[in-house]
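Open the model in your viewer and keep the selection panel at hand. We will go stop by stop, with something to pick at each one.

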There are 2 protein chains.
Amino acid sequence: MRVSAIASLFAALAITTAIGAPARADDALRDQAKKLFEPIPKTAPAIPGDPATAEKLTLGRMLFFEPRLSDNREISCATCHNLSLGGVDSGALSGGHNAQLAGREVQTVLNAVFNKSQYWDGRTNDLKDQVVNSVMANPKAMLKTRGGPMAINPIELSANKQRAIDELKSMPAYVEAFKKAFPDDSDPLVYDNVGRAIALFEGTLITPDAPFDRWLTGDATALSDEQKDGLKLFIDKGCAGCHNGVNVGGASYAKFGVVAPPPPEYLPADDLGRYAVTKNVTDKYAFKVPSLRNVELTAPYFHSGATFELSKAVSVMGESQLGAKLSDDETHKIVAFLKSLTGHQPEVTLPILPPRSH
Amino acid sequence: MRVSAIASLFAALAITTAIGAPARADDALRDQAKKLFEPIPKTAPAIPGDPATAEKLTLGRMLFFEPRLSDNREISCATCHNLSLGGVDSGALSGGHNAQLAGREVQTVLNAVFNKSQYWDGRTNDLKDQVVNSVMANPKAMLKTRGGPMAINPIELSANKQRAIDELKSMPAYVEAFKKAFPDDSDPLVYDNVGRAIALFEGTLITPDAPFDRWLTGDATALSDEQKDGLKLFIDKGCAGCHNGVNVGGASYAKFGVVAPPPPEYLPADDLGRYAVTKNVTDKYAFKVPSLRNVELTAPYFHSGATFELSKAVSVMGESQLGAKLSDDETHKIVAFLKSLTGHQPEVTLPILPPRSH
């Protein structure tokens, strides 16, 4: 019995050590990760100079789901930014009706408020400008935006804006909602306020409490060993050089093919990326580093939407950006880590939109 | 002072009488209306033999918003049955991408559970069969459904069913959700259960508390005088001969053009209506009498979607069905009454759908 008791004691000590050692390794990894990443905050960030009142958010939600803003009265923000599907649509460029029109794969609206710029080519900085730009882009104009904003015909743009405003003004419920949302404006139903209201609503579409964020803030059980291995690889291989910060990306631009050009289906030759915005030759084939938040939900991947397989996207990135041929095991672990970036999805109740009055 | 007091007393009596007389007229109108109409119940009706558990409703809501049920993974029930817009889309047949494919104008899913049959030609009776029929109809097949169900290729239909089931089976969250929703089934993820779950969810999409229903159940202030005049005209002119019951329609078929054929844009010659289902010559150009619940929200009107103007729809109906040339004032009053049929719209929170796993 005494021998057995001592054996138990040793066993217990051994377990303590076994738990203690990874715990210390975890601490080191967490310290390293904290220098690179930040958790998504629990509540929506304020937009400077534009307080998010309940009236603005109600209006913004209505407009986000409002198909009558579009030229053919059929496409709303929610059509491509499906909030049931990680804020993107479910199609690829090759088959997708809407994505096809846009010329580039849809980027998620979730956590977009934390991106330093919007669009794959970063042609607008804040969400309000992105909204104004996108809502105004009817399918024809959207087709032309591939290659940059200069391709949009300004006369057409202005006509579309006016049509959308006229449409909203024809519905008394909208006239009232704009008055309530912007009580200090003498003429509240103007295009800039459409952008402000939608942008404020979009700012609420954040996904806190991802396993990675819970681990980062101290919950040791939130990541599996495989996911922690994946995180370590993600840092050591250099992925975190671009994919960092609160959005694990979204804060910089990078040439697609820094080390080696990816296959042409991933990088179609006719889309010059950020070059179209800056006309700077070093920006040829540069794109915004996308956020990897909720990346599990946002297939297909790349601006070209060329693959639905996250493991394929990881291995292409490794080769073209880092010159690293990742093993299947390494890719598998990095994918496991990336899945820990899926946060609590926003719960959105569908707005009831007013009937048309003409 | 005494004279003035007596004058006040007379004035008060006069007011009492003035209020009393219309109140008695109201009672007569209400008695007449109660024989023709019923209010929408406050809670969803039970579907016999298929109790609506929380698990079935959760699954049904997911599937209602699930674009990956469709062949191109882009069209869900919610695409055409937009719950922000009265359960229909906002387009007309002539311009509408989705409606165009379907060949007939979208009918609302709101209160569809109270209809005696589904589709403009009544080719299915219950919601479950409608769901199975519609979800399976990919755009190509839908195009062929104009003229009836026989036009759907049964081999294609079966292939589509299998593809949808395979797609759902590839996502572990759906495998789990079907198990929970149908715990007694040995193989719960089958097509019939897709239909059952969506139909049960659709059964919750009802719109109680319309002003007309509140008036019908005793709230004298719920209708304006104009609306009560409109109701009286609606009954006296004969509209209520077909548009009656809980759904103010949805319970019978009628030839479009009983008295006089409507202009061809309202009744295109190549759509034979219910005839395609029954092959009975008396059913040529017969269609289901649509529910007028929430009709204010469900433009455009007719199976042909030929007009967005409710007043135009009322006057065309008057001439073609009743041989009645309604005056502008009569039309205006009937439209005012029809707007009292807009009930409390269901508040639906968007489901979060699982990521694809292949």
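How many residues does helix H13 of chain A have, and how far does the helix reach from its first C-alpha to its last? Select residues 310-322 of chain A: there are 13 residues, and the reach is 17 Å, close to the 18 Å expected at 1.5 Å a residue. Please keep in mind throughout that this is a predicted model.

**Stop 1: around H13**

Stay on this helix and show its side chains. Leu310(A), Ala313(A), Val314(A), Ser315(A), Val316(A), Met317(A), Gly318(A), Ser320(A) and Gln321(A) are buried. What do these buried residues pack against? Add residues 253-255 and 328-339 of chain A to the selection, and you have the partners: strand S1 and helix H14. Now step just past the end of H13(A), where Gly323(A) takes a positive phi of about 60°.

Jump to chain B and select residues 310-322 there. Helix H13 of chain B has 13 residues and a reach of 17 Å, close to the expected 18 Å. Its buried residues include Leu310(B), Val314(B), Met317(B) and Gln321(B). Strand S1 (253-255) and helix H14 (328-339) of chain B are among the elements that cover the buried residues of H13(B). Just after H13(B), Gly323(B) has a positive phi of about 65°.

**Stop 2: chain A as a whole**

Zoom out and colour chain A by secondary structure. You should find 14 helices and two strands. Of the 358 residues in chain A, 47% are buried. Looking at contacts between residues at least 6 apart in sequence, 69% join residues at least 24 apart.

**Stop 3: the two domains**

Next, colour chain A by domain. The domain assignment gives domain 1 as 28-42 + 208-339 and domain 2 as 54-203. Where they meet, 26 residues of domain 1 of chain A are in contact with 23 residues of domain 2. To look at the domain 1 side, pick helix H12 (275-278) and strand S2 (286-288) of chain A, each of which supplies at least two residues to it. By class, this side has 13 nonpolar, nine polar and four charged residues.

**Stop 4: between the chains**

Now show both chains together. Here 29 residues of chain B are in contact with 29 residues of chain A. The chain B side is made up of 13 nonpolar, nine polar and seven charged residues.

What turn lays chain B on chain A? A turn of 180°, with a shift of 0.0 Å along the axis, does so with an RMSD of 0.0 Å. That is the relation of a two-fold axis. The same surface serves both copies, as 100% of the contact residues of chain B recur in chain A. To find the axis by eye, select Thr349(B): of the residues of chain B, its C-alpha comes closest to the rotation axis, at 2.0 Å.

**Stop 5: confidence**

Finally, colour chain A by pLDDT. The average is 85, and 83% of the residues score at least 70. Select residues 9-18 of chain A, where pLDDT is below 50 and the stretch has zero contacts in the model beyond near neighbours in sequence. Then select residues 138-153 of chain A: pLDDT stays under 50 here too, but the model has 31 contacts beyond four places in sequence for them. The model scores ipTM 0.85 and pTM 0.87.

Definitions and conventions:
Residues numbered from 1 in each chain as written. Chains lettered and ligands numbered in written order. Predicted model: local features only at pLDDT ≥ 70, side-chain atom pairs only at ≥ 80, totals over all residues. Domains from an automatic or database assignment. Contact = placed C-beta atoms within 7 Å. Helix = DSSP H or I, 4+ residues; strand = E, 2+ residues; numbered from the N terminus. Nonpolar A, V, L, I, M, F, W, Y, C, P; charged D, E, K, R; others polar. Least-squares fit on C-alpha atoms with pLDDT ≥ 70 in both. Expected span 1.5 Å × (residues − 1). Buried ≥ 20, exposed ≤ 12 C-beta atoms within 10 Å, placed from the backbone. pLDDT = per-residue confidence, 0-100.
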